[in-house]
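I opened the notebook today to look up the overall build of one protein and then the state of its cysteines. My entries follow the order in which I looked.

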Amino acid sequence: MNHYILEVIDKYPELSGCADDIEDAYQLLKDCYTEKHKVLLCGNGGSAADCDHIVGELMKGFLLKRPVGAAFKEQLAHIAPEDATYLADHLQGALPVISLVSQSALMTAFSNDVASDIVFAQQVYGYGDPGDCVIGISTSGNSKNVLYALKVAKAKGLKTIGLTGRTGGEMESLCDITIKVPSDETFEIQERHLPIYHCLCMMLEEAFFSHE
């Protein structure tokens with residue numbers, strides 16, 4: 001088992017029952033990125049904040065340095081010789097991920113003009129391509145707007161991962177992998193989601209950037 005998962009279990013022994021699902025989620029995400037696809041995230045309230053947090057860990061360096069490659073440095077030198085060194089020194093390798101909770105103009109327009117409970121589903125329909133992955137975060141597993149997004153994802157051929165609480169809710173039937181933390185209290189579920197998605201981000205970073 002991956003050493004990051006073992007570290008999580010050591011710190012949070014109650015998550016030992018989630019270990020296999022964390023490993024499976026990692027493999028699904030690794031395959032997604034290996035095949036040059038992207039990840040879409042959705043959730044409400046504290047789970048919406050988690051979506052933005054995950055973007056921050058995947059789109060820039062987390063624990064490792066992620067220098068750009070030599071070929072891209074050469075391309076920069078050709079296109080913008082006056083800025084090439086600065087750009088190359090400050091750009092970082094990224095794993096493409098979009099938080100669907102942060103598109104405020106689209107979300108408010110769609111909520112006002114069409115329907116508020118499918119603002120995530122609309123974005124999955126617009127952004128999603130077969131092979132991409134949607135991560136839905138819902139402490140109950142029954143957040144309607146997240147469920148609609150997962151249903152559209154399945155219809156379009158995207159992979160789906162759920163982060164939720166003990167019961168799994170309706171989300172469990174819509175996800176290829178569901179990570180269910182053993183709690184029924186919203187704040188306790190959210191507290192345990194953080195080390196899980198940190199673990200996933202560290203594993204992905206190690207897989208794609210440890211050679212740099």
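The entries below go from the whole fold to single residues.

**Fold.** I note at the outset that this is a predicted model. I looked up the secondary structure and found 9 helices and 5 strands, which run along the sequence in the pattern α-α-β-α-α-α-β-α-α-β-α-β-β-α. I then turned to the radius of gyration, which is 18 Å and close to the 17 Å that the globule rule gives for 212 residues, so the protein is as compact as a globular protein of that length. Along the principal axes, the C-alpha atoms fill a box of roughly 55 × 50 × 30 Å.

**Inside and surface.** I looked up burial next and found that 45% of the 212 residues are buried. Of the contacts with a separation of 6 or more, 71% are between residues 24 or more positions apart. The accessible surface comes to about 10300 Å², and carbon and sulfur atoms hold 53% of it. For the charges, I found 16 positive and 30 negative ones, whose mean positions lie 3 Å apart.

**Cysteines.** How many disulfides does the count come to? I found 0, and I checked two cysteines to see the reason. The closest cysteine sulfur to that of C175 is in C133, and because the two are 8.9 Å apart, they are too far for a bond, the cut-off being 2.5 Å. C175 has 11% relative accessibility and therefore counts as buried. For C199, the closest cysteine sulfur is in C201, at 9.3 Å, which is again too far for a bond. C199 is buried too, with a relative accessible area of 0%.

Note on methods
Residues numbered from 1 in each chain as written. Predicted model: local features only at pLDDT ≥ 70, side-chain atom pairs only at ≥ 80, totals over all residues. Heavy atoms only, no water. Helix = DSSP H or I, 4+ residues; strand = E, 2+ residues; numbered from the N terminus. Rg over C-alpha atoms; globule rule 2.2 N^0.38 Å. Buried < 20%, exposed > 50% of the residue type's maximum accessible area, 1.4 Å probe, protein only. Contact = heavy atoms within 4.5 Å. Areas by Shrake-Rupley, 256 points an atom, 1.4 Å probe, with all protein chains shown as cover. Lys, Arg positive; Asp, Glu negative; His and termini not counted. Charge placed at Lys NZ, Arg CZ, Asp CG, Glu CD.
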